[in-house]
Amino acid sequence: MKAKKDAPDRMGEITQQLEDGVRKIFESGEFERYLRTMSRFHHYSVNNSILIFMRRPDASLVAGYASWQKNFQRHVKKGEKGIFILAPCPYKVKKEQEKKDDLTGRSLLDQDGRPLKEVVETTQVSFRPAAVFDISQTEGKELPTIGVEDLQGQVSEYDTLLKALKEISPVPIGFEEISGGSKGYYSLGEQRIAVQADMSQLQTIKTMVHEIAHSKLHAIDKDATPEEKAQRPDQHTREVQAEGVAYVVCQHLGLDTSDYSFSYVASWSTGKELSELKSSLDTIRTASAEIIDAIQHQRERRPEKEKLGMEKDEERYPCVPQALAKRKRRKIVPEAEKKRKSYEAIR
């Protein structure tokens, strides 16, 4: 009978899995599979998404043993083995430190000129191994699912998604005829995004997300010092990161962009340090989660904005205050004032 592994042994095993996992992800064909896992668990840390991917790449929804029972009315099947991830364990620590002046930041002194002391409580975080199980390892009450239709270039709620992406983009997005076969570009100097006009809906959305990722991750001050410019990732790395973000976001939205090949990732990663590879994974995860959450936020706000009549105002005028000013000139002051206050309340 095998002895049950204790926490230190389990942590050592998890650490080794992480190192092996990072290297494996950048092998040809594995990068795309890993990003699919990331798209389903965009709020999980890179470490935990790697651990889930290593044990069960097809995982779609994971939870702890008790959580499946309490929150979903499902139970883990007999004989199923858990996926061990790293669970945060916050704890309080009291320590003595010098008392500082709030305005100057200097140490406060007593009558004898010695620094005053105070005891402060801070929160530290450690990690422990925790087992989670994929939904495929459970049985019980059926969960509601959303079917993903074969898109064939069409995107459900395309106009809504298009507006959401324009709203969350750090720079303006416009359509134009782009020479040279490029589908889009982010102009660092002009601080704008251009997207090739008249592409399919799927290609348009994917290109927009790719260029938004560039504008979020790779913007740099035009007057930056040579040292600051040197810290910017090289072009190949920038493309890996932006394409990774686009793939994760589109997968999360149910948009199939698997025609795009990631075969170049294997050659890009050759010779790179483990920390650099993991850093790029964390960059992709963080940016993807930010964009996904922002899209969801815009989708949730839109019905309220439409109800208040602000949708047309934002399309017609650069900003809502100008629209309200025009309404005032039409002597609809009470209604305009009411909508202005309501709009400000949901911003």
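Why does helix α2 (residues 30-40) count as largely enclosed by the rest of the structure? In this predicted model, 8 of the 11 residues of α2 are buried, so the helix is largely enclosed by what surrounds it. The buried set runs through Glu30, Phe31 and Glu32, picks up again at Tyr34 and Leu35, and finishes with Thr37, Met38 and Ser39.

Next comes the sheet. It is an open one, built from 3 strands in the order β1-β4-β3, and the pairing is antiparallel. That leaves β1 (62-64) and β3 (83-98) at the edges, each pairing on one side only. Going from one strand to the next, the twist averages 35°. Strands of a sheet pair through backbone hydrogen bonds, and the pairing can be either parallel or antiparallel. Here, β3 and strand β4 (residues 117-134) take the antiparallel option, with 16 bridges between them. To pick out one spot, Lys92 sits opposite Thr123 in β4.

Two helices go with this sheet. Helix α3 (residues 46-55) packs on it and touches β1 and β3, with its direction at about 160° to that of β3. Helix α4 (residues 65-72), for its part, lies across β1 and β4 and runs at about 100° to β1.

Further along the chain, there is a helix pair to look at. The axes of helix α6 (residues 201-217) and helix α8 (residues 235-252) come within 8 Å and cross at roughly 130°. With that angle, α6 counts as oblique to α8. As for handedness, α6 passes α8 in a right-handed crossing. On the α6 side, the contact is made by Lys206, Val209, His210, Ala213, His214 and Leu217. Facing them from α8 are Arg238, Glu239, Gln241, Ala242, Glu243, Val245, Ala246, Val249 and Cys250. Sorted by class, this contact of α6 with α8 has 8 nonpolar, 3 polar and 4 charged residues.

One residue of this contact deserves a separate look: His214, which lies in helix α6. His214 has a relative accessibility of 8%, so it counts as buried, the cut-off being under 20%. Leaving aside residues up to four places away in sequence, His214 touches Tyr186, Ala219, Arg238, Glu239 and Ala242. Arg238, Glu239 and Ala242 also turn up in the α8 side of the helix contact.

Key:
Residues are numbered from 1 along each chain as its sequence is written. This is a predicted model: local features need pLDDT of at least 70, side-chain atom pairs count only at pLDDT 80 or more; totals for chains, interfaces and linings use all residues. Side-chain values use heavy atoms; hydrogens and water are left out. Axes are lines fitted to C-alpha atoms, for helices over the stretch in contact, and angles run from 0 to 180 degrees between N-to-C directions. Helices (H or I, at least four residues) and strands (E, at least two) are DSSP runs, numbered from the N terminus. Angles under 35 degrees count as roughly parallel, over 145 as roughly antiparallel, 65 to 115 as roughly perpendicular and the rest as oblique. A crossing is left-handed if the near helix is turned anticlockwise from the far one by less than a right angle, and right-handed if clockwise. Contact means heavy atoms within 4.5 Å. Ala, Val, Leu, Ile, Met, Phe, Trp, Tyr, Cys and Pro count as nonpolar, Asp, Glu, Lys and Arg as charged, and the others, Gly among them, as polar. Buried means under 20% relative accessible area, exposed over 50%, partly exposed in between (1.4 Å probe, protein chains only). Two strands pair if DSSP finds at least two bridges between them.
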